[in-house]
Amino acid sequence: MISLSTLGPVLLVVSVAARLAWTYLAPNGANFVDLHVYVGGAAMIDHPGSLYRYVYADQTPDFPLPFTYPPFAAVVFYPLHLLPFGVVAFCWTVGTMAALYGVVRISQRLLGVAAGEGHRLAMLWTGVAIWLEPLRSTFDYGQINVLLALAVLWAVFTTRWWLSGLLVGTAAGMKLTPAIAGLYFVGARRWAAAAFSAVVFFATIAVSALVVGDQTRYYFTELIFKTDRVGPICTIFNQSWRGAICRIAGHDAGYSPAVLIGIAVTAILSVLAWRALRRSGTEQLGPLLIVELFGLLLSPISWTHHWVWLVPLMIWLLHGPRSDRLGSRILGWMWLVLNVIGVPWLLSFAQPTIWQNGRPWYQAWGGLVYIVATLATLAWIAASRKREATPR
């Protein structure tokens with residue numbers, strides 16, 4: 001009988017071809033709105049003082065998209081505006097696919113798969129992952145999260161403290177969310193990597209100040225606190241605690257007691273899950289995923305395309321050290337089904353606009369899907385420690 005992994009290369013080729021066909025041939029294919037923001041915002045460096053006045057509204061007239069990223073992102077993206085956008089978009093799509101394969105391969109390596117093994121299985125996972133909800137929106141919008149996830153995974157995989165710090169610090173300088181990986185370094189007692197990542201991050205701010213000028217101060221003293229500028233908090237596509245409570249309450253209550261309780265519960269489960277994994281061995285991928293899941297629920301906004309971390313999570317659940325357990329297999333397949341279906345995407349059809357705060361009850365509570373699944377995953381990992389300690 002032919003194993004699924006044997007079909008990996010074929011599935012990958014078919015998936016890549018189908019994704020490119022959807023992007024360029026389908027009437028409602030990719031719009032690359034976020035990539036337009038990256039490139040257009042970066043071009044504002046040529047106009048001092050205008051970076052955070054830039055908006056892209058060609059495809060989003062109801063909600064013009066501002067440049068919401070740290071100024072260092074504009075510095076990095078600046079060369080892209082010198083190229084035809086069509087070329088940039090195509091290379092970005094293909095590069096994201098390559099980065100997705102890298103995410104899968106490094107996840108395997110962190111699980112102990114040898115460098116010369118597992119390629120067909122990695123191709124299989126990449127071919128499947130292209131069609132999961134976080135990746136669908138990533139390709140549609142031209143998002144950067146897969147590249148950032150690859151940088152963080154590489155930082156954890158390498159034993160060179162300076163490279164780990166360089167990767168995480170640079171990624172955090174471009175988009176703040178990768179900074180949560182610093183908690184992993186601290187928890188794993190990789191002090192040099194943690195310290196150097198902070199040094200590199202502050203270096204990105206210094207570089208930004210030299211290139212962008214006062215816009216750097218403006219971002220880090222004012223804009224960074226204006227969450228509503230990033231997008232509508234209550235939309236179903238925001239799968240964080242703050243987004244979930246916003247949908248249930250019908251308005252953004254900020255970090256209200258309900259949100260803080262949710263974050264506290266997540267933090268407790270994360271600590272227990274971390275201790276369960278770190279005491280049972282020296283594995284790296286599982287603890288990193290705990291940190292990333294906590295960061296996703298903690299953040300005021302975690303769009304579905306931020307959840308690309310579910311790909312290595314499913315790999316860990318279905319191929320990791322606990323994959324022989326029924327609970328691990330159930331959770332792995334549960335996440336896969338949720339992401340193939342795209343539950344938040346399905347629920348989005350019940351909201352007339354993404355800016356509406358009020359929600360039908362089934363959507364408000366159904367919108368907890370990623371949060372409930374995350375809590376279940378963390379709770380199972382935490383409980384697995386007790387099972388290990390029970391003598392047979």
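This passage describes a helix pair, a disulfide and two residues within helices of a predicted model.

We begin with the helix pair. Two packed helices are described by the angle between their axes and the distance between the axes. For helix 1, which spans residues 8-25, and helix 5, which spans residues 119-129, the angle is about 30° and the axes lie 7 Å apart. Angles under 35 degrees count as roughly parallel, and helix 1 and helix 5 are therefore described as roughly parallel to each other. The crossing of helix 1 past helix 5 is left-handed. On the side of helix 1, the contact is made by Gly8, Pro9, Leu11, Leu12 and Ser15; helix 5 contributes Arg120, Met123, Leu124, Thr126, Gly127 and Val128. Sorted by class, the residues in this contact between helix 1 and helix 5 are six nonpolar, four polar and one charged.

Attention now turns to the cysteines. A disulfide is a covalent bond between the sulfur atoms of two cysteines. With a cut-off of 2.5 Å between the sulfur atoms, the count in this model comes to one disulfide. The partners are Cys234 and Cys246, whose sulfur atoms are 1.6 Å apart. About the S-S bond of Cys234 and Cys246 the torsion is about -50°, so the disulfide is left-handed. The pair links distant parts of the chain, with the two positions twelve residues apart in numbering: Cys234 sits in the loop between helix 11 (214-221) and helix 12 (241-249), while Cys246 belongs to helix 12 itself. Buried means under 20% relative accessible area. Cys234 has a relative accessibility of 2% and so counts as buried; Cys246, with a relative accessible area of 1%, is buried as well.

Two further residues are worth a look in the structure above. Thr93 is part of helix 4, which covers residues 85-110. Its relative accessible area is 2%, so Thr93 is buried. When residues up to four places away in sequence are not counted, Thr93 touches Leu20, Phe32 and Phe139. Of these, Leu20 falls within the residue range of helix 1, 8-25.

Leu150 is located in helix 7, residues 145-157. Leaving aside neighbours within four places in sequence, Leu150 is in contact with Ala99, Gly102, Val103 and Ile106. These four contact residues fall within the range of helix 4, residues 85-110. Leu150 can also be set against Arg105: the two residues are 45 apart in sequence, and their C-alpha atoms are 9.8 Å apart in space.

How values were computed
Residues numbered from 1 in each chain as written. Predicted model: local features only at pLDDT ≥ 70, side-chain atom pairs only at ≥ 80, totals over all residues. Heavy atoms only, no water. Axes fitted to C-alpha atoms, helices over the stretch in contact; angles between N-to-C directions. Parallel < 35°, antiparallel > 145°, perpendicular 65-115°, else oblique. Left-handed = near helix turned anticlockwise from the far one by under 90°. Contact = heavy atoms within 4.5 Å. Nonpolar A, V, L, I, M, F, W, Y, C, P; charged D, E, K, R; others polar. Buried < 20%, exposed > 50% of the residue type's maximum accessible area, 1.4 Å probe, protein only.
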